[in-house]
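Opening the notebook on this one. I want to go through the backbone oddities, the core and the aromatic rings, and jot down what I find.

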Amino acid sequence: MIQHPAVTLRPRTDADYDALYALAAELETWEQRSPLRPAAMTRKGWEARVAEYDADPNGNLSFVVDVDGEAVGTVSLFDIDGFTATAEVGIALAAPARGRGIGSEAIRQIVEFGFVRANLRRLHLEVIASNAGAIRVYEKAGFVVEGRQREHAWVRGHYEDIVRMGLLRDEWRAALGDR
Ligand SMILES: CC(C)(COP(=O)(O)OP(=O)(O)OC[C@H]1O[C@@H](n2cnc3c(N)ncnc32)[C@H](O)[C@@H]1OP(=O)(O)O)[C@@H](O)C(=O)NCCC(=O)NCCS
């Protein structure tokens, strides 16, 4: 377990399923969280996706973001590539948990986990261009913009760029003293 005064990253338990399903099926932030076509995701369909995700041979790492014993979201390392020592980062918090610094702390912890515990060398992610809060959180953790996929996302009636960001372990280590 990774501890912080308020935010803990911990494994998923059966007791978390209701909260995590509600977050996964939430339509309001669907396009922020997922490149997939918005859908009426059933509990059964979601559980099948979770099982598939957990069975990934490269070992996806999905932590529950816990605040005071409550599952408020997930933060993950997925598409882990053992050859290049890279992984993609994903995060989603439930609405009441947003805007309180929890995402910033969860990203700080998953980055540290990726570099220090999982021996990854580079982390990357993608975010739709209008998701300014998420971009700010990633920049605070040291991620830099590496490129854009122009009009690559369809977001509630219009096309948007996808911003691609990355962080190298060396630059993260070098910047630790500055933060
Ligand atoms: C994106 C998300 C993980 C961020 O976590 P959070 O806990 O809400 O973010 P925090 O409160 O830690 O920090 C948000 C930062 O963005 C800033 N911010 C918020 N809205 C902003 C905006 N419209 N423009 C610029 N900055 C903004 C805040 O001021 C804060 O920066 P600060 O710490 O320097 O003041 C969370 O809101 C979430 O899960 N959203 C829905 C799903 C999602 O978008 N996931 C990301 C997929 S790429």
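**Glu 151.** I started with Glu 151, which is exposed, with a relative accessible area of 54%. That puts Glu 151 on the exposed side because the cut-off is over 50%. Keep in mind that I am reading a predicted model here. I found Glu 151 in strand 6, residues 144-155. What caught my eye was the backbone: Glu 151 is not a glycine, yet its phi is positive, about 50 degrees. Most residues other than glycine have a negative phi, hence the note.

**Arg 156.** I then looked up Arg 156, which also has a positive phi without being a glycine, near 45 degrees. Arg 156 is in the loop between strand 6 and strand 7, the latter being 158-168. Buried or exposed, or something in between, for Arg 156? Its relative accessibility is 45%, so I put it down as partly exposed.

**Gly 101.** Next came Gly 101, in the loop that joins strand 4 (86-93) to helix 4. Its relative accessible area is 45%, and Gly 101 counts as partly exposed. I checked its distance to Val 137, which is 36 residues away along the chain: the two C-alpha atoms are separated by 8.9 Å.

**Ala 106.** Moving into helix 4, I stopped at Ala 106. Nothing of Ala 106 shows: its relative accessible area is 0%, and it is buried. Which residues is Ala 106 in contact with, leaving aside neighbours within four places in sequence? I listed Val 7, Leu 9, Val 65, Val 75 and Ile 91. I also took one distance from Ala 106 to Ser 130: they are 24 residues apart in sequence, and C-alpha to C-alpha they are 21 Å apart in space.

**Val 7.** One of those contacts of Ala 106 deserved its own entry, namely Val 7. I placed Val 7 in strand 1, residues 7-10. Val 7 is buried, with a relative accessible area of 2%. From Val 7 I went to Gln 109, 102 residues apart along the chain, and got 9.1 Å between the C-alpha atoms.

**Aromatic pairs.** I turned to the rings and counted 6 aromatic pairs. I wrote up two of them.

Tyr 17 and Trp 46 have ring centres 5.3 Å apart and planes at 75 degrees, so I call the pair edge-to-face. Tyr 17 sits in helix 1 (residues 17-25) and Trp 46 in helix 3 (residues 43-54), so this pair ties together parts that are 29 residues apart in sequence. Both Tyr 17 and Trp 46 are buried. Tyr 21 joins them: Tyr 17, Tyr 21 and Trp 46 form one aromatic cluster.

How are the rings of Phe 115 and Trp 172 set against each other? Their centres are 5.2 Å apart and their planes are at 50 degrees, so the pair is tilted. Phe 115 belongs to helix 4 (residues 102-117) and Trp 172 to helix 6 (residues 169-176), and the pair links distant parts of the chain, 57 residues apart. Phe 115 is buried, at a relative accessible area of 1%. Trp 172 is buried too, at 7%.

**Whole chain.** With the local entries done, I stepped back. I count 6 helices and 7 strands. Read from the N terminus, the elements go β-α-α-α-β-β-β-α-β-α-β-β-α. The radius of gyration is 16 Å, close to the 16 Å that the globule rule gives for 179 residues, so the protein is as compact as a globular protein of that length. Along the principal axes, the C-alpha trace spans about 45 × 40 × 35 Å.

How much of the protein counts as buried? I noted 43% of the 179 residues. For contacts between residues at least 6 apart in sequence, 56% join residues at least 24 apart.

**Surface and charge.** The protein exposes about 10,100 Å², and carbon and sulfur atoms supply 52% of that. Last entry: there are 22 positive and 27 negative charges, and their mean positions are 2 Å apart.

Note on methods. Residues numbered from 1 in each chain as written. Predicted model: local features only at pLDDT ≥ 70, side-chain atom pairs only at ≥ 80, totals over all residues. Heavy atoms only, no water. Helix = DSSP H or I, 4+ residues; strand = E, 2+ residues; numbered from the N terminus. Rg over C-alpha atoms; globule rule 2.2 N^0.38 Å. Buried < 20%, exposed > 50% of the residue type's maximum accessible area, 1.4 Å probe, protein only. Contact = heavy atoms within 4.5 Å. Areas by Shrake-Rupley, 256 points an atom, 1.4 Å probe, with all protein chains shown as cover. Lys, Arg positive; Asp, Glu negative; His and termini not counted. Charge placed at Lys NZ, Arg CZ, Asp CG, Glu CD. Phe/Tyr/Trp six-rings, centres within 6.5 Å; stacked < 30°, edge-to-face > 60°.
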